[in-house]
Amino acid sequence: MKDKVVLVTGAARGLGAAVAEHLEAAGARLVRADQSFSDGEGPEKVALDVSSADSWKRCAASVREEFGRLDVLVNNAGISCRADLLTTDDEDFDRVLRVNVWGVWRGIKTFAEDLAAVRGCVVNVGSVYGASTAPASRTSPSSVAYQASKAAVHQITRVAAVELAPRGVRVNAVLPGVFRTALLADLPDAELNRRVQRAPMGRPGEPSELGPVVELLADEAASFVTGALIPVDGGHLAA
């Protein structure tokens, strides 16, 4: 990863921050992008609303001006909505899909030419809940919008891998299980434990445990790996 230019979206906190920190420690030149950042914080911190085409254009212009290329795009930014199938309203459903699905598609589309120029790669952050259903109760409903969005991210990963392979661009995804992040901070302990116990390892993942898998997929040692969906879930999907 030494001197690779890497853009990580949603990098201000949670899994995105941990992945960015790990890749930087591995020698990459990190561009952290997040909607909480302000313009003018420097070339290594870029304000980015992944649901906005104009914001993606400004981000790309900043990366090209400062670094001249992009080697790795990590589409991590994502949101959720704690509401079930029948109570999720139109606005919340649209908002989740706009960030989680449209944002991934737009990110790949924005940087496809840059990545093809250097035979770079994309790592998307999906979820085990894009391949299985989350437990829910009356007091803690699951998010149908989140689960649908992550299933779409998995399919975008496969489609992009097929379409961009002739141009030398690899596209893969990691599928985190239950991790200790703010995304699940609203769950009562009993509900969080229900999710944790679905995995044979019987514990939540630590954010620091995702970065090494992203690094593996981004590294040239994985040059024959594309279209893969790699669970990082303590055995959740296997069980």
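A salt bridge here is a side-chain nitrogen of Lys or Arg within 4 Å of a carboxyl oxygen of Asp or Glu. The model is predicted, so local features need pLDDT of at least 70 and side-chain atom pairs count only at pLDDT 80 or more, while totals for chains, interfaces and linings use all residues. Residues are numbered from 1 along each chain as its sequence is written, and side-chain values use heavy atoms, with hydrogens and water left out.

**Exercise 1.** Work out which parts of the chain the salt bridge between Glu220 and Lys4 ties together.

Solution. Start with the pair: the closest N and O atoms of Glu220 and Lys4 are 2.6 Å apart. Now place the two ends. Glu220 sits in the loop between α6 (211–218) and β7 (229–232), and Lys4 in the segment before β1 (5–9), so the bridge joins parts 216 residues apart in sequence. (Helices are DSSP runs of H or I with at least four residues, strands are runs of E with at least two, both numbered from the N terminus.) Finally, check accessibility: Glu220 is exposed, at 57%. On this scale, buried means under 20% relative accessible area, exposed over 50%, and partly exposed in between, with a 1.4 Å probe and protein chains only.

**Exercise 2.** Find how far apart Asp92 and Arg95 are in helix α3 (residues 90–118).

Solution. Their side chains form a salt bridge, at 3.2 Å from N to O. Both belong to α3, three residues apart, which is about one helical turn. As for exposure, Asp92 is partly exposed at 22%, and Arg95 is partly exposed too, at 40%.

**Exercise 3.** Sort the named residues of helix α5 (residues 189–196), beginning with the buried ones.

Solution. Glu191, Arg195 and Val196 are the buried set. They span an arc of only 145° around the axis (taken from the directions from the helix axis to the C-beta atoms), so they share one side of α5. Turn to the other side of α5 and you meet Asp189 and Ala190, both exposed.

**Exercise 4.** Describe how α3 and helix α4 (residues 144–164) cross.

Solution. Take distance and angle: the axes come within 9 Å and cross at roughly 15°. Axes are lines fitted to C-alpha atoms over the stretch in contact, with angles from 0 to 180 degrees between N-to-C directions. Angles under 35 degrees count as roughly parallel, so α3 and α4 are roughly parallel. Last, look at who touches whom (heavy atoms within 4.5 Å): the contact includes Phe93, Leu97 and Trp105 of α3, and Tyr146, Val153 and Leu164 of α4.

Methods. Angles under 35 degrees count as roughly parallel, over 145 as roughly antiparallel, 65 to 115 as roughly perpendicular and the rest as oblique.
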